[in-house]
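Biologist: Before I use any label from this model at the bench, I would like to hear the reasoning behind it. Could we go through the labels one by one?

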Amino acid sequence: MNRRIVTWLVLLVLASCRSYDYQSKVTDQDGLTPPDQFARYGTEQAQAVAIAREYGRAGEGESAEALATQADKAMTYARTLPDVADIDADPLGHRLTIRFKSGWRTAVAPIDDGESGAETPGVKPAAPGKR
């Protein structure tokens with residue numbers, strides 16, 4: 001009888017182990033406004049979607065260094081956009097916080113939908129050499 005209880009407890013513990021894959025939970029787009037539709041709400045929204053798309057495209061792995069590189073690439077792209085005043089990264093949390101010149105702040109997670117930031121409706125081409 002005791003062996004059955006121990007066996008059930010071990011199975012219960014193993015079944016209750018959680019996954020530490022946070023990226024799939026944070027970046028899941030189900031139930032959200034589609035990126036192209038959100039980009040049509042305004043210039044800053046379009047730029048936020050473009051930054052999120054570049055953030056998603058830059059993904060190269062799950063190590064801390066790869067996540068930091070991914071965030072750096074997205075931040076470099078964001079600095080080329082005309083309305084971005086400041087940007088901060090939380091690479092391990094899979095998000096960027098953007099402050100626009102108008103004062104609007106938003107956080108974006110990577111959008112990996114196969115499109116680049118330049119393909120986002122309402123985004124003007126990045127200014128050459130601007131950082």
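Modeller: What follows is a set of questions about labels, each answered by setting a value against its cut-off.

Modeller: Please keep in mind that this is a predicted model. The chain has five helices and three strands, and from the N terminus on they run α-α-α-α-α-β-β-β.

Biologist: Why is Gln-45 called buried?

Modeller: Gln-45 has a relative accessible area of 19%, and buried means under 20%, so Gln-45 counts as buried. Its place is in helix α4, which spans residues 43–57, and, not counting residues up to four places away in sequence, Gln-45 touches Phe-38, Ala-39 and Trp-104.

Biologist: What makes Leu-12 exposed?

Modeller: The relative accessibility of Leu-12 is 54%, and because exposed means over 50%, Leu-12 falls in that class. Leu-12 lies in helix α1 (residues 2–15), and together with Ile-5 and Leu-9 it forms a nonpolar patch on the surface, with about 290 Å² of accessible area together.

Biologist: How do you know that Phe-38 and Tyr-41 form an edge-to-face pair?

Modeller: Their centres lie 5.5 Å apart and their planes meet at 70°; pairing requires centres within 6.5 Å, and planes over 60 degrees apart count as edge-to-face, so the pair earns that name. As for accessibility, Phe-38 is partly exposed at 28%, and Tyr-41 is partly exposed at 49%.

Biologist: Why is the pair of Phe-100 and Trp-104 called stacked?

Modeller: The ring centres of Phe-100 and Trp-104 are 5.3 Å apart with the planes at 15°, and since planes under 30 degrees apart count as stacked, the label follows. Phe-100 is buried, with a relative accessible area of 0%, whereas Trp-104 is partly exposed at 27%.

Biologist: Which residues touch the most other members of the largest nonpolar core?

Modeller: They are Ile-51, Ile-87, Leu-96, Ile-98 and Val-108, in a core of 22 residues. Two or more residues come from each of α4, α5 (64–78), β1 (84–90) and β2 (95–100), with the largest share, seven residues, supplied by α4. Leaving aside neighbours within four places in sequence, Ile-87 is in contact with several residues, including Ile-51, Met-75, Leu-96 and Ile-98.

Biologist: How much of the chain counts as buried?

Modeller: Of its 131 residues, 34% count as buried, while the chain exposes about 8400 Å², of which carbon and sulfur atoms supply 54%.

Technical notes
Residues are numbered from 1 along each chain as its sequence is written. This is a predicted model: local features need pLDDT of at least 70, side-chain atom pairs count only at pLDDT 80 or more; totals for chains, interfaces and linings use all residues. Side-chain values use heavy atoms; hydrogens and water are left out. Helices (H or I, at least four residues) and strands (E, at least two) are DSSP runs, numbered from the N terminus. Buried means under 20% relative accessible area, exposed over 50%, partly exposed in between (1.4 Å probe, protein chains only). Contact means heavy atoms within 4.5 Å. Patches are made of residues with over 30% relative accessible area and no salt bridge: like charges are joined within 9 Å, nonpolar side chains (Val, Leu, Ile, Met, Phe, Trp, Tyr) within 5 Å. Accessible areas come from the Shrake-Rupley method with a 1.4 Å probe; for residues, only the protein chains shown count as cover. A salt bridge is a side-chain nitrogen of Lys or Arg within 4 Å of a carboxyl oxygen of Asp or Glu. A nonpolar core is a set of buried Ala, Val, Leu, Ile, Met, Phe, Trp, Tyr and Cys residues joined through side-chain atoms within 4.5 Å. Rings of Phe, Tyr and Trp (its six-membered ring) pair if their centres lie within 6.5 Å; planes under 30 degrees apart count as stacked, over 60 as edge-to-face and the rest as tilted.
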